[in-house]
Amino acid sequence: MSQEYAAAIDQGTTGTRFMLFNRQGEVVASSYEEHRQIYPQPGWVEHDPLEIWAKTQGVMSGALQASGLAAASITGLGITNQRETAVVWDAETGQPFCNAIVWQCTRTQGICEQLLAQGAEPLIRERTGLVVATYFSGPKIKWILDNVPGVRAKAERGQALFGNMDTWLIWNLTGGPAGGAHVTDYTNASRTMLMNLRTLDWDEELLALLGIPRAMLPEIRPSSDRRFYGTTIKGGPLGAAVPVCGDLGDQQGALVGQACFSPGEAKNTYGTGCFTLLNTGQEIIPSRHGLLTTVAYGIDQQKPAYALEGSIAITGAAVQWLRDNLGLIRTAAETEEIAQSVQDAGGIYFVPAFSGLFAPHWDMYARGAIVGLTRYVTRAHIVRATLEAICYQSREVLEAMEADAGIPLSTLKVDGGAVKNSFLMQLQADILGKPVIRPQVQETTALGSAYMAGLATGLWDNLDDLRANWNVDRVFQPAWEESRRDAGYRGWERAVQRAAKWIESDAA
């Protein structure tokens, strides 16, 4: 019997990757391309959906050609994606009505302020597990309906379609205007501020609250669906009909890729932002400490698993800012050597609140700050403070998670591009005071969506098959004294207070 593979499209904030995995969960082919980051105004962040679709097609055909594999050997295709980034497009032409509004964008601040002033947050929290924040898709949809001429009328007729990036790609992969599937999964739908966590359907009261026509919303399906969402078109980038049957938001993808299938297992993904998820099983746990309640994954017709999530807006993006905006580094990889050239951060803290502060603060008025500057501080100290900020923000979230779940975390599984930086991972263990475990396959986001597709097609039989594929690369043990750890964290807390509520607002 010839080898069979599961494929994954990982459509992230800065680029798109296509990967092929064998039954052992090993990477057999990969191709990646970046896309543009568009900043029309301060605080606004956009992507071009057509550029992303073009890049997606390019990496799919490129990886397949480089591997020498036939599309017929792919049993199923999964999608994982930057969540909350909203696209609205014309159902007849496939043309977006405007650029995608990225999850980091703060243009919906006024809409969120209005919802808060109306006292809507308790209802939204109870139904969706989310807070009112510029982060989520629902306010972005409303902004497009209110500000782009003609879209609302088309949306009410079902001629304007909404989707996060998963929905946009699945629709195009399965035919686009010629019968493309307009679907999403539980995990992506749970990031819109519109899906009821208990019914797993769009909530009519929340749709009315935001003035969003149900006709423009995709059908909500399981993350792994044996009925398939559709198949790729034969004239598409794979050149053959391949079942599209897996879909996970990127952070849920990493949770699945890390085989965190039991309640109490947690992972932290280091990417543009940083996202910690704790599996809570089939129990919906409301957060009392600034976290989100979300869907972890749903397999076919089974009841889904839920999770507590701590979302941090800016971590890897802060390193990108050092490179692209300040010119302090040439590549992200060199931060490891630069940060190790100094013994500490020279008394400074960097709070990268470029898009406000997410969990556990949820302060849309916060802005970035570097505090504690003296003439002693050098480029190396700023680079080190940037890495420390990633770790301090993660500690904040993990402490909130322990308080909500009522159980201490013994270890932390990590993944994402930044985990290649061994100094950063050691720093995370030191600041956290817990062992940090790096797996052998670090692109776990893509692996998770490939697993969802492979479960739907029978490449893997059950979750035990996936657990058997997970292997440790390295364990980082904490080395700092408790006194150093506590003093550093107290300084971080003071720095966050300086960055908080920086922007003045009538509603602030």
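In the predicted model, Thr269 of strand 15 has Asp415 of strand 21 as its bridge partner. Strand 21 covers residues 412–415, and three bridges join it to strand 15 in the parallel sense. Strand 15 is also joined to strand 16, which spans residues 274–281, here by five bridges and with the two strands running antiparallel. Within this pairing, Asn268 is matched with Thr276 of strand 16. The connection between strand 15 and strand 16 is a hairpin of three residues.

Strand 15 comprises residues 266–270, and five of the five are buried, so the strand is largely enclosed by the rest of the structure. In a regular strand, side chains alternate between the two faces of the sheet. In strand 15, Ala266, Asn268 and Tyr270 point one way, while Lys267 and Thr269 point the other way. The residues on both sides are buried.

These strands belong to an open sheet of seven strands with mixed pairing, in the order 17-18-16-15-21-22-23. Strand 17 (292–297) and strand 23 (472–476) stand at the edges; each has a single partner strand, so one side of each is left without a neighbour in the sheet. From one strand to the next, the twist averages 30°. At the strand 23 edge, the pairing with strand 22 (residues 436–439) is antiparallel and extends over four bridges. One of the residue pairs here links Pro439 with Val472 of strand 23.

Helix 9, residues 250–257, is mostly covered, with eight of its eight residues buried. The buried residues are Asp250, Gln251, Gln252, Gly253, Ala254, Leu255, Val256 and Gly257. After helix 9 comes Ala259, which has a positive phi, near 60°.

Open and enclosed spaces were examined next. Rolling a probe the size of a water molecule over the atoms shows where empty space is left. The largest pocket holds about 1100 Å³ of space. Its lining consists of 44 residues, and those closest to the centre are Tyr270, Gly271, Thr272, Gly417 and Ala418. Tyr270 is also one of the buried residues of strand 15. Helix 10 (residues 316–326) gives the most to the lining of the largest pocket, contributing five residues. By class, this lining contains 12 nonpolar, 21 polar and 11 charged residues.

The second largest pocket has about 490 Å³ of space. It is lined by 21 residues, with Tyr39, Val45, Trp321, Asn325 and Phe354 nearest its centre. Eight residues of this lining are nonpolar, 11 are polar and two are charged.

Two cavities of 30 Å³ or more are found in a search of the whole structure. The volume of the largest cavity is about 60 Å³. Among the 13 residues lining the largest cavity, Ile312, Ala313, Leu357, Phe358 and Gln393 are the closest to its centre. At least two lining residues each come from strand 18 (305–312) and helix 12 (379–405). The lining of the largest cavity is made up of eight nonpolar, four polar and one charged residues.

The second largest cavity contains about 30 Å³ of space. It is lined by Leu398, Leu409, Thr411, Leu412, Leu432 and Lys434. Four of these lining residues are nonpolar, one is polar and one is charged.

The cysteines were considered last. With a cut-off of 2.5 Å between cysteine sulfur atoms, the count of disulfides is zero. The sulfur of Cys98 has its closest cysteine sulfur in Cys105, at 10 Å, which is too far for a bond. For Cys105, the closest cysteine sulfur is likewise that of Cys98, at 10 Å and too far for a bond. Cys98 is partly exposed, with a relative accessible area of 21%, whereas Cys105 counts as buried at 1% relative accessibility.

Notes
Residues numbered from 1 in each chain as written. Predicted model: local features only at pLDDT ≥ 70, side-chain atom pairs only at ≥ 80, totals over all residues. Heavy atoms only, no water. Buried < 20%, exposed > 50% of the residue type's maximum accessible area, 1.4 Å probe, protein only. 1 Å grid on protein atoms, 1.4 Å probe; cavity = no way out; pocket = protein on both sides within 12 Å on 5 of 7 lines; lining within 4 Å. Points joined across faces, edges and corners; volume = space filled by probe spheres on them. Nonpolar A, V, L, I, M, F, W, Y, C, P; charged D, E, K, R; others polar. Pairing = 2+ DSSP bridges. Axes fitted to C-alpha atoms, helices over the stretch in contact; angles between N-to-C directions.
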